[in-house]
Amino acid sequence: MVKAAIQLKEVEKIRKLDDTESIQLLQTILKQRKESIEQFTKGNRPDLARKRKKREATIIEGYLPAELPRKK
């Protein structure tokens, strides 16, 4: 999923993403996942929040540099 998003962005820009752009894209994807978790939780679907989105968010966070503040 992340790889596809990076490839799509590179096609849009017609070049490889630099490190800053890659990190920004990862932060955006992470923010989307966290918003999905919130919506699933509010929609009384904690199974979907826990099962899919929380795992994805944890994996994405692992690729972000620790010193950068992450979007909430």
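In this predicted model, helix α3 is not straight throughout: a bend of about 35° occurs at Lys53. The helix covers residues 46-63, and its 18 residues, at 1.5 Å a residue, should span 26 Å. The C-alpha atoms at its two ends are 25 Å apart, which agrees with that expectation.

Lys53 is also one of the buried residues of α3. The others listed with it are Ala49, Glu56, Ala57 and Ile60. It is worth pausing on the make-up of this set, in which the charged side chains Lys53 and Glu56 are found alongside Ala49, Ala57 and Ile60. What covers these positions? The cover over the buried residues of α3 includes both α1 (2-13) and α2 (19-42).

Stepping back to the whole chain, the model contains three helices and zero strands, and the order along the sequence reads α-α-α. Taken along the principal axes, the C-alpha atoms fill a box of roughly 40 × 25 × 15 Å. Of the 72 residues in the chain, 25% are buried. Contacts that link distant parts of the sequence are well represented: among contacts between residues at least 6 apart, 56% join residues at least 24 apart.

The loops between the helices each offer a residue to look at on screen. In the loop between α1 and α2 sits Ile14, whose phi is near 60°, a positive value in a residue other than glycine. Is the Ile14 side of this loop buried or exposed? Ile14 has a relative accessibility of 74% and therefore counts as exposed, the cut-off being over 50%. The loop between α2 and α3 holds Asn44, and here too phi is near 60°, positive although the residue is not glycine. Asn44 has a relative accessible area of 62%, so this residue is likewise exposed.

Turning to the surface, the accessible area of the chain comes to about 5500 Å². Carbon and sulfur atoms account for 53% of that area. As for charge, the chain carries 19 positive and 11 negative side chains. The centres of these two sets lie 6 Å apart.

How values were computed: Residues numbered from 1 in each chain as written. Predicted model: local features only at pLDDT ≥ 70, side-chain atom pairs only at ≥ 80, totals over all residues. Heavy atoms only, no water. Helix = DSSP H or I, 4+ residues; strand = E, 2+ residues; numbered from the N terminus. Expected span 1.5 Å × (residues − 1). Bend = angle between axes of the 7 residues up to and from the residue. Buried < 20%, exposed > 50% of the residue type's maximum accessible area, 1.4 Å probe, protein only. Contact = heavy atoms within 4.5 Å. Areas by Shrake-Rupley, 256 points an atom, 1.4 Å probe, with all protein chains shown as cover. Charge placed at Lys NZ, Arg CZ, Asp CG, Glu CD.
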